[in-house]
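Here is a friendly walk through a protein model for someone meeting it for the first time. Have a look at the sequence and the fold, then read on.

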Amino acid sequence: MTRARLLLADDHALVRRGVRLILEQEPDLTVVAEAGDGAEAVEAARTSQVDLVVLDIAMPRMTGLQAAREIGRRRGRGEPPKILMLSMHDNEQYFFESLKVGACGYVLKSVADEDLVSACRAALRGEAFVYPGAMSALIRDYLDRLRRGDRVPAQVLTEREDEVLKLIAEGLSSKEIARALTISIKTVERHRANILAKLDMRDRTQLTRYAIRAGLIEP
């Protein structure tokens, strides 16, 4: 039997070890690469032949959501790998953001021993995996939007603004953000002003709350 090749990304080594044990008990799955943050995951997906990437939602440097978006753009070596998100939080916003960046599913770490293998196989078949709690959230969100006459909103912030927001919420100064993203302090300040204006917010506390809801950082 040909085994599907998986890349596993989580910033906690113990979690990676536990998830790897679950996956490698299966005759059709094998973990061929690991990463400790989103940026490492993007690089590993670029340099390794993998069929499926399992990404933790909240990781340092680059979140799982940001990494998923980058990995999904890979076209140089054929189709990009399928993507599955892993999180400790039963959070509707994280779930919807995962779908927006192209993930096939969202698995809670608390039930990974029950759901992860099924989710991996579904993703590899090109099918969506929706954990039971998310199903009610999807239906409730759809009905709420229908009742209000809303459409699904477009992405509020640009990808660069997402990156800046994540670092602001993590407590970095403008100088540190400029160094991390290789941009000028003036550019950082311009992004900060744009983010506050777009989100109609006033300070770091409000931005941090938004970053948590959007899955950029963990609560």
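## A first look around

Thr 182 is exposed, with 71% relative accessible area, because anything over 50% counts as exposed. That residue sits in the loop between α8 and α9 (185–199). Its backbone is a bit unusual too: phi is near 55°, a positive value in a residue other than glycine. For background, most residues other than glycine have a negative phi.

Before going further, keep in mind that this is a predicted model. The chain has 219 residues, and 47% of them count as buried. Ten helices and six strands make up its list of elements. Take the contacts between residues at least 6 apart in sequence: 62% of them join residues at least 24 apart.

## The sheet in the middle of the story

How are the six strands ordered in the sheet? They form an open sheet that reads β2-β1-β3-β4-β5-β6, with parallel pairing. The edges belong to β2 (29–35) and β6 (129–130); each has a single partner strand, so one side of each is left without a neighbour in the sheet.

Now follow β4 (residues 82–87), which runs parallel to β3 (residues 52–56) and is joined to it by five bridges. Within that pairing, Leu 55 has Met 85 in β4 as its bridge partner. On the β5 side, β4 pairs in the parallel sense over four bridges, and here Met 85 is partnered with Tyr 106 of β5. So is β4 mostly covered or mostly open? Mostly covered: five of its six residues are buried.

Helices pack against this sheet. Helix α1 (residues 13–24) lies across β1 (4–9), β2 and β4, and runs at about 160° to β2. Helix α5 (residues 112–124) also packs on the sheet, where it touches β1, β2, β3, β4, β5 (105–108) and β6. The direction of α5 makes about 160° with that of β4.

## Two loop residues with company

Glu 26 has its place in the loop between α1 and β2. Is this residue buried or exposed? Its relative accessibility is 18%, and under 20% means buried, so Glu 26 counts as buried. Leaving aside neighbours within four places in sequence, Glu 26 is in contact with Arg 3, Val 117 and Arg 121.

Lys 109 is found in another loop, the one between β5 and α5. Which residues does Lys 109 touch, not counting those up to four places away in sequence? They are Asp 10, Val 15, Asp 56, Leu 86, Ser 87 and Met 88. With Asp 56, the sequence separation is 53 residues, while the C-alpha to C-alpha distance is 9.2 Å.

## A pocket and its lining

The second largest pocket holds about 230 Å³ of space. Its lining consists of Ala 39, Arg 61, Met 62, Gln 66, Arg 160, Glu 163, Lys 166, Leu 167, Ala 180 and Leu 181. Both α7 (159–169) and α8 (174–181) supply at least two of the lining residues. The largest share, four residues, comes from α7.

One of the lining residues is Arg 61, found in the loop between β3 and α3 (64–72). Arg 61 has a positive phi of about 70° although it is not a glycine. With 56% relative accessibility, Arg 61 counts as exposed.

## Cysteines and a quick comparison

How many disulfides does the structure hold? Zero. As for the cysteines Cys 104 and Cys 120, the first counts as buried at 14% relative accessibility, and Cys 120 is buried as well, at 0%.

Here are the accessibility values for the residues we have met, side by side.

| Residue | Relative accessibility | Class |
|---|---|---|
| Cys 120 | 0% | buried |
| Cys 104 | 14% | buried |
| Glu 26 | 18% | buried |
| Arg 61 | 56% | exposed |
| Thr 182 | 71% | exposed |

Terms used:
Residues are numbered from 1 along each chain as its sequence is written. This is a predicted model: local features need pLDDT of at least 70, side-chain atom pairs count only at pLDDT 80 or more; totals for chains, interfaces and linings use all residues. Side-chain values use heavy atoms; hydrogens and water are left out. A disulfide is a pair of cysteine sulfur atoms within 2.5 Å. Buried means under 20% relative accessible area, exposed over 50%, partly exposed in between (1.4 Å probe, protein chains only). Two strands pair if DSSP finds at least two bridges between them. Contact means heavy atoms within 4.5 Å. Axes are lines fitted to C-alpha atoms, for helices over the stretch in contact, and angles run from 0 to 180 degrees between N-to-C directions. On a 1 Å grid over the protein atoms alone, a cavity is a set of points where a 1.4 Å probe fits but cannot get out, and a pocket is an open set with protein on both sides within 12 Å along at least five of seven lines; lining residues have an atom within 4 Å of a point. Grid points are joined across faces, edges and corners, and a volume is the space filled by probe spheres set on the points.
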